[in-house]
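Me: I am new to this structure. Please take one part and look at it closely, then work outward from there.

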Amino acid sequence: MRVSWAICAFALTAGSAVAAVPAPPRRPADFLTAVAPPLPPPRPTELSPPPAPPPAPVAERPENPAACDSWLASGEVEATRRAPIAGPNGCGVEAPVALDAVILPDKRRVPIEPPPVLRCDFAAEAARWIAQDLVPSLEAGGERVVRLAGVGGYECRTRDRQPGAPMSEHAHGDAIDLTSVVFADGRVFSLASRANDLVLASKLRASACELFSTVLGPGADGAHESHVHFDLEPRRHGGKICEWDLR
């Protein structure tokens, strides 16, 4: 009986201790429905790409009358000063010359027929190519060049004379067309002939495409089957066009 009373006394004491521990506060009824933070605005279904930067302008080559005078007095050419040319649609040349003949290193004179009217700095580049590359390559086999024929220069027109096309470099005196070279024995070398010696034709094309920014011959389009066009059109990053099929 003493044990039972002790157990009962312990149970009563433990129950009182448990009852004395305070209960935690009640959880709010809206605890799980508290206001969530705002969501970001919806992403557009199509994101417009950023506007492309405007293309960089192509640098122009201003004409230099003083440099032209120095070249005309160099003895490399026979050329005649012409009055400035102004035409519609941007045509014109500020310092034109008529290129009458090229003087070779051995002082021989090679006439150009008809004399093309060109801007002076382009005429200088074209004359050097004729004297230093074209004629020496053609005379390597012992022939003697006496003149260039079927030559075209300044002409106020569009490219290939097509309506609505951009203006040709011919409209600025910055292009020359070459058709043929005549030898002392009367033989004619046509630059556009697909029957030319391949080694010789390849050499001429390589030197022309290295110097000029545009070279158009057979295979470029129907307008260049009978001659080869050369110009120095300025392009972004120095881009070049070399289209001259040899076979």
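Reply: The side chains of T214 and D231 are joined by a polar contact of 2.8 Å. The model is a predicted one. A second polar contact, of 2.6 Å, links the side chain of T214 to that of R235. T214 sits in strand β11. Its relative accessibility is 4%, so T214 counts as buried. Leaving out residues up to four places away in sequence, T214 touches H229, F230, D231, E233, R235 and I241.

Now the strands. β11 pairs with β12 in the antiparallel sense, over 3 bridges. T214 has D231 as its bridge partner in β12. T214 and D231 are therefore linked by a strand bridge and by the side-chain polar contact of 2.8 Å.

Which residues of β12 are buried on each side? V228 and F230 are buried on one side, and H229 and D231 are buried on the other. Both faces of this strand are covered. β12 also pairs with strand β8, residues 175–178. Here 4 bridges join the two strands, and they run antiparallel. I176 has F230 as its bridge partner in β12.

Next, a helix. What covers the buried residues of α4? The cover includes β11 (214–216) and β12 (228–231), the two strands just described. It also includes α3 (120–138), β10 (188–190) and β13 (241–243). The buried residues of α4 are L200, A201, L204, S207, A208 and C209. An α-helix has 3.6 residues a turn, so residues three or four places apart point the same way. Helix α4 spans residues 198–211, which makes 14 residues. From first C-alpha to last, α4 reaches 20 Å, close to the 20 Å expected at 1.5 Å a residue. At the start of α4, a side-chain oxygen of D197 comes to within 3.2 Å of the backbone nitrogen of V199.

α3, part of that cover, leads on to charged pairs. Side chains of opposite charge can pair when their charged atoms come close. In α3, R128 and E125 lie 3 residues apart, about one turn of the helix. Salt bridges that share partners join E76, E125 and R128 into one network. The side chains of R128 and E125 meet at 4.0 Å, N to O. R128 has a relative accessibility of 31%, so R128 counts as partly exposed. E125 is also partly exposed, with a relative accessible area of 29%.

D121 and R119 form another salt bridge, at 2.7 Å from N to O. Is each partner buried or exposed? R119 is buried, at 10% relative accessibility. D121 is partly exposed, with a relative accessible area of 30%.

One more pair links two strands. E78 forms a salt bridge with R109, and their closest N and O atoms are 2.7 Å apart. E78 lies in strand β1 (residues 77–81) and R109 in strand β5 (residues 109–113), so the pair ties together parts that are 31 residues apart in sequence. E78 counts as partly exposed, at 32% relative accessibility. R109 is partly exposed too, with a relative accessible area of 43%. How many salt bridges does a search of the whole structure find? The search finds 14.

Back to the starting point. T214 is buried, with polar contacts from its side chain to D231 and R235. Its strand, β11, pairs with β12, and both β11 and β12 help to cover the buried residues of α4.

Technical notes: Residues are numbered from 1 along each chain as its sequence is written. This is a predicted model: local features need pLDDT of at least 70, side-chain atom pairs count only at pLDDT 80 or more; totals for chains, interfaces and linings use all residues. Side-chain values use heavy atoms; hydrogens and water are left out. The expected span of a helix is 1.5 Å times one less than its number of residues. Buried means under 20% relative accessible area, exposed over 50%, partly exposed in between (1.4 Å probe, protein chains only). Contact means heavy atoms within 4.5 Å. A polar contact is a pair of N or O atoms within 3.5 Å; within protein, one must be able to donate a hydrogen and the other to accept it, and residues adjacent in sequence count only if both atoms are side-chain atoms. Two strands pair if DSSP finds at least two bridges between them.
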